[in-house]
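This report introduces a single protein chain to a reader who has not met it before. Please look over the sequence and the structure shown here before reading on.

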Amino acid sequence: MIKLLSHLSYVAITSPDVEASVDFYEKQVGLTVVDRVDGAVYLRCWGDYYRYSVVVLPGDEPSLATMAWRTSSPEALEEAVKRIEASGVSGEWFDGVSIGRAYRFTGPWGHSMTLHWEVERHQAPGNVASIFPDRPEKRSTVAGAPRQLDHVTVATSDVDAFAAWYNEVLGFRIMARTVLDEAPISVFSVLTTNEKSHDLGVVLDGSSRAGRVNHYAFWVDTREELLIAADVLMEHGTPIEYGPSIHGIGEQNFLYYREPSSLRIELNTGGYRNYVPDWTPNTWKPSLGSNNLYRNGAMPLSMTESFPPADGPSATEEGVPDEIKDALLNPYAVQGRG
């Protein structure tokens with residue numbers, strides 16, 4: 001199969017208070033506003049090659065409006081759409097802001113995905129143009145500001161089936177999975193379109209609400225910058241939800257925090273690269289330290305929250321043995337990384 005997708009290009013999120021979220025991204029995260037169109041605000045990291053990587057839309061709840069991937073060619077975009085529609089899923093073509101002709105569909109588990117080839121590359125104005133030719137613009141003056149968007153992790157009722165569909169239809173490589181020690185139940189998987197450990201994660205969701213997101217992530221160059229970012233956030237009243245530490249799966253340094261809408265953001269750095277085209281995904285168990293490489297820190301219960309909030313009783317409340325019910329309701333306490 002030809003390589004269909006190249007990399008995650010942007011995420012669009014909703015916020016009940018767009019201006020509060022945008023102000024946070026500008027002043028505490030270090031992003032820059034590049035456009036405002038019909039109530040949507042487009043932002044970028046200093047190292048993003050394209051015009052934007054985060055879109056904040058007005059909404060009643062924090063949520064993922066869409067996750068967008070750039071294809072590997074114009075032909076790959078057409079082929080991807082053929083494969084999506086052959087699988088029984090239909091979407092629509094539209095003209096996107098700075099991405100031209102694009103295709104948007106909702107996957108089998110309720111998550112909106114946008115595919116595009118055309119893109120507007122960032123052209124920095126003279127006052128922020130870098131002295132280094134390969135940099136899109138100067139490094140941010142906000143301490144610990146991320147270089148670029150890294151990945152998105154969604155929530156679903158069937159982790160293995162989700163991973164299999166995105167692998168078979170769109171060519172995502174499945175890199176690893178986590179299965180409970182107590183029972184053969186998959187609670188986490190990571191997928192990628194390139195050499196990273198993942199640009200798409202999926203965590204088990206016990207709720208009855210489809211299409212939820214657990215978090216999305218930015219990348220910083222070094223562990224020291226990640227620690228500085230944690231310091232800056234804390235100094236300005238934003239608590240760190242989890243970390244800093246190192247994940248077992250992926251081996252990235254990480255920390256998690258919340259933006260004003262309550263949506264979770266992760267910062268990553270480090271980790272490995274995997275270029276093996278016929279990679280066979282390994283299965284981790286929680287006891288192996290899949291989430292915390294050092295196996296010495298419990299993840300807070302708050303990390304189980306995905307967005308928007310669940311709208312009904314958990315699907316795990318009935319028919320699940322008592323010894324694994326807690327693990328299902330709290331998959332992040334026992335599983336891999338996000």
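The sections below treat the overall form, the surface and the interior in turn.

## Overall form

The model is predicted. Its chain contains 17 strands and five helices. Along the principal axes, the C-alpha atoms occupy a box of roughly 60 × 50 × 40 Å.

The radius of gyration of the chain is 19 Å, and this agrees with a compact globule, because a globule of 338 residues would have a value near 20 Å.

Contacts along the sequence add to this picture. Among contacts in the chain with a separation of 6 or more, 69% join residues that are 24 or more positions apart.

## Surface and charge

The chain exposes about 14100 Å², of which 50% is supplied by carbon and sulfur atoms.

Negative side chains number 45 and positive side chains 28. The centres of these two sets are 6 Å apart.

## Interior

Buried residues make up 54% of the 338 in the chain. The largest nonpolar core consists of 68 residues, and within this core V152, L170 and Y216 have the most contacts. Helix α3, which spans residues 159–170, contributes the largest share of this core, with seven residues.

Another core lies apart from the largest one and has nine residues. Its members include Y10, A12, Y42 and I99.

Notes
Residues are numbered from 1 along each chain as its sequence is written. This is a predicted model: local features need pLDDT of at least 70, side-chain atom pairs count only at pLDDT 80 or more; totals for chains, interfaces and linings use all residues. Side-chain values use heavy atoms; hydrogens and water are left out. Helices (H or I, at least four residues) and strands (E, at least two) are DSSP runs, numbered from the N terminus. The radius of gyration is taken over C-alpha atoms; the globule rule is 2.2 Å times the number of residues to the power 0.38. Buried means under 20% relative accessible area, exposed over 50%, partly exposed in between (1.4 Å probe, protein chains only). Contact means heavy atoms within 4.5 Å. Accessible areas come from the Shrake-Rupley method with a 1.4 Å probe; for residues, only the protein chains shown count as cover. Lys and Arg count as positive and Asp and Glu as negative; His and the chain ends are not counted. The place of a charge is taken as NZ of Lys, CZ of Arg, CG of Asp or CD of Glu. A nonpolar core is a set of buried Ala, Val, Leu, Ile, Met, Phe, Trp, Tyr and Cys residues joined through side-chain atoms within 4.5 Å.
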